[in-house]
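Grab your viewer and work through a few exercises on this chain. Each one comes with a solution you can follow step by step.

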Amino acid sequence: MKGALSGLRVIDSTTMVAMPTAMHIMADMGAEVIKVETHTLFRTEAARLMYADNLPGEQPWNRDGAFNTVQRSKLGLTLNIKIKEGVEAFKDLVRVSDVVVENNRAGTMDRLGLGYEELKRIKPDLIYLSNTGFGHTGPWRSYAGIGRMFELTCGLSNFTGYLDEGPRRVGKAFFDLHVGWTAVFAILAALHYRQRTGIGQWIDFAMYQVGVSTMGDTILDFISNGRNGSVMGNRHPYMAPHGVYPCKGNDRWIAIAVENEKQWLALSQIIDQRFWTDRIEFASMDSRWRNQDELDHYISQWTKSISDSVLMKTLQGHGIPAASVMNSRDVLTDPHMRARGFYELIKHPPETGMGSKLYYGRPWKMSKTPSYVRKPAPKLGEHNELILGDLLGRTPTEIDELYELGVAGITPTNPSMYKPPTYEEQLNDGTLEGHDENFNEILGSE
């Protein structure tokens, strides 16, 4: 049960979502990932802290939901690399590691004496990934970049708004997860090259380019046809019906996408309202596309009296692409996801007061080298002695000196005073759609 990446040691010197996600994927696959952070800054994995059970508790820095999600399966070490002893300890860790990943602005690690050129002197075959918003070259190289802006800069939002409203963002930091997955691919490719040649390398990784890479069809359309697309809501450039339709119940919806005449005929038979399905305006894909407003009106009138789950099962049973628009509760309680074993129950240390919580897994299953959440996210500085002592050979006295110098720590020097709004307040301001008092029981995490 060691995992496909067993024997690989990675230094995770990153924050926020994208790169920590990449690192927990590798840790879930068996790599020894050491999360290096500083106790002089409060953990900033989320713009708005999401404490377990909405309670800060006695150790709020160890209870943030976002941090615990993206830092799972890792070991935790605190090093203040603005102090020379912290830099020295970081370099000692590099000597016994395979990969370093950082996501600072271009030039930051060089100024700290921890850039690639410096570290490859002490570890010639090192794989070093630098994640920035726009890369280390080009006129935008000094620009700051965060996940939520890339759907705008790469052009995605040009297509995701509604016809009468203009562009919209897709969601919170939509491209961060894409960036994380792509970073894993880049690191594994570099490791494969090193295995064949013995040569390490620097990976200049730009989040912006990951976003642009997902826009291939629209870029090709401009190159080939000179067409610069525009917002189209839930519609499709040539398929109809193609949209999201209201269903029975409060805020329940279903997505339906008809790709060809066979599917349209099957849908017409299920609807069984020939007075409009047989009209000449809907006789072909082209005519249906040109008359979408009227077509969507009729379909909405039909779907609104039917349960989305029943309708999904019926349409899928007849080969018609359709799916319920699922909210968070639906996804977490979905029997298919449970049957796949996608969610994993992880027990946290008693001192955090978090108990056991469910975490999402990975969208694959490997028969010989299973991946799973190896351990909960580390408490702040949880593995300082293990890493500094057992791995790097520091004596207890030397480790104590690092604590005294402020290089290492197990509590933050500036703990957050953030007090989360109550569930009732979040319901009133629209942050929450609903709240289940017995959510732990529903999820099976009690």
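**Exercise 1.** Which element gives the largest share of the lining of the second largest pocket, and how many residues is that?

Solution. Keep in mind that you're looking at a predicted model.
- Start with the space itself: the second largest pocket has a volume of about 850 Å³.
- Next, the wall: 27 residues line this pocket, and Phe-159, Thr-218, Ser-230, Met-232 and Pro-237 are the ones nearest its centre.
- Now sort by element. Two or more lining residues come from each of helix H7 (157–160) and helix H10 (216–225).
- H10 takes the largest share, with five residues.
- Finally, the chemistry: the lining holds 13 nonpolar, nine polar and five charged residues.

**Exercise 2.** Find the nonpolar surface patch formed by Ile-219, Leu-220 and Ile-223, and work out how Ile-219 sits relative to Gly-229.

Solution.
- Together, Ile-219, Leu-220 and Ile-223 have about 300 Å² of accessible area.
- Place Ile-219 first: it belongs to helix H10.
- A helix of this general kind helps with the picture: an α-helix has 3.6 residues a turn, so residues three or four places apart point the same way.
- Ile-219 has a relative accessible area of 37%, so it counts as partly exposed.
- Gly-229 is found in the loop between H10 and strand S7 (242–246). At 29% relative accessible area, Gly-229 is partly exposed too.
- Now the distance: Gly-229 and Ile-219 are ten residues apart along the chain, and their C-alpha atoms are separated by 9.5 Å.

**Exercise 3.** Is helix H1 (residues 18–28) mostly covered or mostly open?

Solution.
- Count the buried residues, meaning those under 20% relative accessible area. For H1 that gives eleven of eleven, so the helix is mostly covered.
- Among them are Met-19, His-24 and Asp-28.
- Step past the end of H1 and you reach Gly-30, which has a positive phi near 110°.
- For context, 45% of the 446 residues of the chain count as buried, and the chain has 21 helices and eleven strands.

**Exercise 4.** Track down the backbone oddities at Asn-54, Asp-251 and Pro-241.

Solution.
- Start with the baseline: most residues other than glycine have a negative phi, and most peptide bonds are trans.
- Asn-54 isn't a glycine, yet its phi is positive, about 65°. Look for Asn-54 in the loop between strand S2 (32–37) and helix H2 (65–70). With a relative accessible area of 16%, Asn-54 is buried.
- Asp-251 also has a positive phi, near 55°. Asp-251 sits in the loop between S7 and strand S8 (253–257), and its 44% relative accessibility makes it partly exposed.
- For the peptide bond, go from Ala-240 to Pro-241: this one is cis, with omega near 0°. Pro-241 lies in the loop between H10 and S7.

**Exercise 5.** How many cavities of 30 Å³ or more are there, and which residues line the largest cavity?

Solution.
- The count comes to one cavity of 30 Å³ or more.
- The largest cavity has a volume of about 40 Å³.
- Its lining is made up of Arg-43, Asn-62, Phe-67, Asn-68, His-348, Pro-349, Thr-352, Met-354, Ala-377, Pro-378 and Lys-379.
- Sort those by class and you get five nonpolar, four polar and two charged.

Note on methods:
Residues are numbered from 1 along each chain as its sequence is written. This is a predicted model: local features need pLDDT of at least 70, side-chain atom pairs count only at pLDDT 80 or more; totals for chains, interfaces and linings use all residues. Side-chain values use heavy atoms; hydrogens and water are left out. On a 1 Å grid over the protein atoms alone, a cavity is a set of points where a 1.4 Å probe fits but cannot get out, and a pocket is an open set with protein on both sides within 12 Å along at least five of seven lines; lining residues have an atom within 4 Å of a point. Grid points are joined across faces, edges and corners, and a volume is the space filled by probe spheres set on the points. Helices (H or I, at least four residues) and strands (E, at least two) are DSSP runs, numbered from the N terminus. Ala, Val, Leu, Ile, Met, Phe, Trp, Tyr, Cys and Pro count as nonpolar, Asp, Glu, Lys and Arg as charged, and the others, Gly among them, as polar. Patches are made of residues with over 30% relative accessible area and no salt bridge: like charges are joined within 9 Å, nonpolar side chains (Val, Leu, Ile, Met, Phe, Trp, Tyr) within 5 Å. Accessible areas come from the Shrake-Rupley method with a 1.4 Å probe; for residues, only the protein chains shown count as cover. A salt bridge is a side-chain nitrogen of Lys or Arg within 4 Å of a carboxyl oxygen of Asp or Glu. Buried means under 20% relative accessible area, exposed over 50%, partly exposed in between (1.4 Å probe, protein chains only).
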